[in-house]
Amino acid sequence: MVENYMSWEGGVDLLGLFNGASEPNLIVHVARMVNTPVGSAPAGMILVQSDPGAPPELMGFVSPDPAVGAYFGPKIFAGTPFENAPVLEAQISVSQDGDTLTSTVEVGGRTIVCKLSSLAALESLNRAPGGMTPFSQQVLEAAAGSAEVSIDGQAIEVTVPATGLSGGAGAVSSPAGIYSR
């Protein structure tokens, strides 16, 4: 029986490495609208760790609605390091122009812009729970051919691994999907 779930529309997912990191130190995983049992709002998760040897400057679930942001840790990511991640108030926008998808997240006095382009054909995927994603996934995804990121107006060089947090490509447009546990 499914007890915990969420769905989204207009998702941007990027897992990246920058500033010489050997492990991912950038996560932009947001959607224009996320629907949960406690409400609907733009939401997602973010990690920005500019210095790979220091704690992240930003890390947590993001949303302008604290109830929606607080749903993810204990209900979707229980049993992972994200279970107790903080909720950060954020403004999130996602727009698409042709095969380019852009997300802007304003959080903690910072602005993170992620632009995915050269999107591949859309695929329908079903993923079983595993590792950092202890939930079933039913998603529509299109892998990005390129990704650009800026933080506070400064472009950063980002390396995107072949595989992202959820098992798909490291940078994808995800126009719709469902996570369930």
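User: In this predicted model, how many bridges join strand β8 to β9, and in which sense do the two strands run?

Analyst: Strand pairing is read from the bridges and from the direction of the two partners. In this case β8, residues 123–127, runs antiparallel to β9, and 5 bridges join them. One can anchor the register with a facing pair: L125 stands opposite V139 in β9.

User: Which other strands does β9 pair with?

Analyst: A strand may be followed along its length, partner by partner. Strand β9 covers residues 136–151 and pairs with β7, residues 110–119, in the antiparallel sense over 7 bridges. Within that pairing, I112 stands opposite I151 of β9. Strand β11, residues 171–180, is joined to β9 by 7 bridges, again with an antiparallel course. Here V139 stands opposite G177 in β11, and V139 is also the residue of β9 that L125 faces. Strand β10, residues 154–156, runs antiparallel to β9 with 3 bridges between them, and A155 of β10 is the bridge partner of S150.

User: What should one expect of the side chains along such strands?

Analyst: Side chains in a regular strand alternate between the two faces of the sheet.

User: Which residue takes a positive phi in the hairpin of β9 and β10?

Analyst: In a hairpin, the residues between the strands deserve a separate look. This hairpin has 2 residues between its strands, and D152 takes a positive phi near 55°.

User: Turning to the helix, which residues of α1 are buried, and against which strands do they pack?

Analyst: For a helix, one lists the buried residues and then asks what they contact. Helix α1 spans residues 66–75, and its buried residues are V68, G69, Y71, F72 and G73. These pack against β1 (5–16), β2 (26–36), β3 (39–48), β4 (58–63) and β5 (87–97).

User: What polar contact is found at the start of α1?

Analyst: The start of a helix is inspected for side-chain atoms that reach backbone nitrogens. At the start of α1, a side-chain oxygen of D65 comes to within 2.9 Å of the backbone nitrogen of A67. The backbone nitrogen of D65 in turn lies 3.1 Å from a polar atom of the S63 side chain.

User: Is S63 buried or exposed, and which residues does it touch?

Analyst: Burial is judged from relative accessibility, with under 20% taken as buried. S63 is found in strand β4 and has 1% relative accessibility, so S63 counts as buried. Leaving aside residues up to four places away in sequence, S63 touches A41, P42, A43, V68, G69, L88, E89, A90 and I92. Of these, V68 and G69 are among the buried residues of α1.

User: How many aromatic pairs are there, and why is the pair of F61 and F77 called tilted?

Analyst: A ring pair is described by the distance between centres and the angle between planes. The count comes to 7 aromatic pairs. The rings of F61 and F77 have centres 5.6 Å apart and planes at 40°, and the pair is therefore tilted. This pair links distant parts of the chain, with F61 in strand β4 and F77 in the loop between α1 and β5, 16 residues apart. F61 is buried at a relative accessible area of 2%, and F77 is buried at 4%.

User: Why is the pair of Y71 and F72 edge-to-face?

Analyst: The ring centres of Y71 and F72 are 6.4 Å apart and their planes stand at 80°, so this pair is edge-to-face. Both Y71 and F72 are buried.

User: Which residues form the aromatic cluster?

Analyst: One aromatic cluster is formed by W8, F61, Y71, F72, F77, F82, F135 and Y179.

Conventions. Residues numbered from 1 in each chain as written. Predicted model: local features only at pLDDT ≥ 70, side-chain atom pairs only at ≥ 80, totals over all residues. Heavy atoms only, no water. Buried < 20%, exposed > 50% of the residue type's maximum accessible area, 1.4 Å probe, protein only. Helix = DSSP H or I, 4+ residues; strand = E, 2+ residues; numbered from the N terminus. Contact = heavy atoms within 4.5 Å. Polar contact = N/O pair within 3.5 Å; in protein donor to acceptor, adjacent residues only side chain to side chain. Pairing = 2+ DSSP bridges. Phe/Tyr/Trp six-rings, centres within 6.5 Å; stacked < 30°, edge-to-face > 60°.
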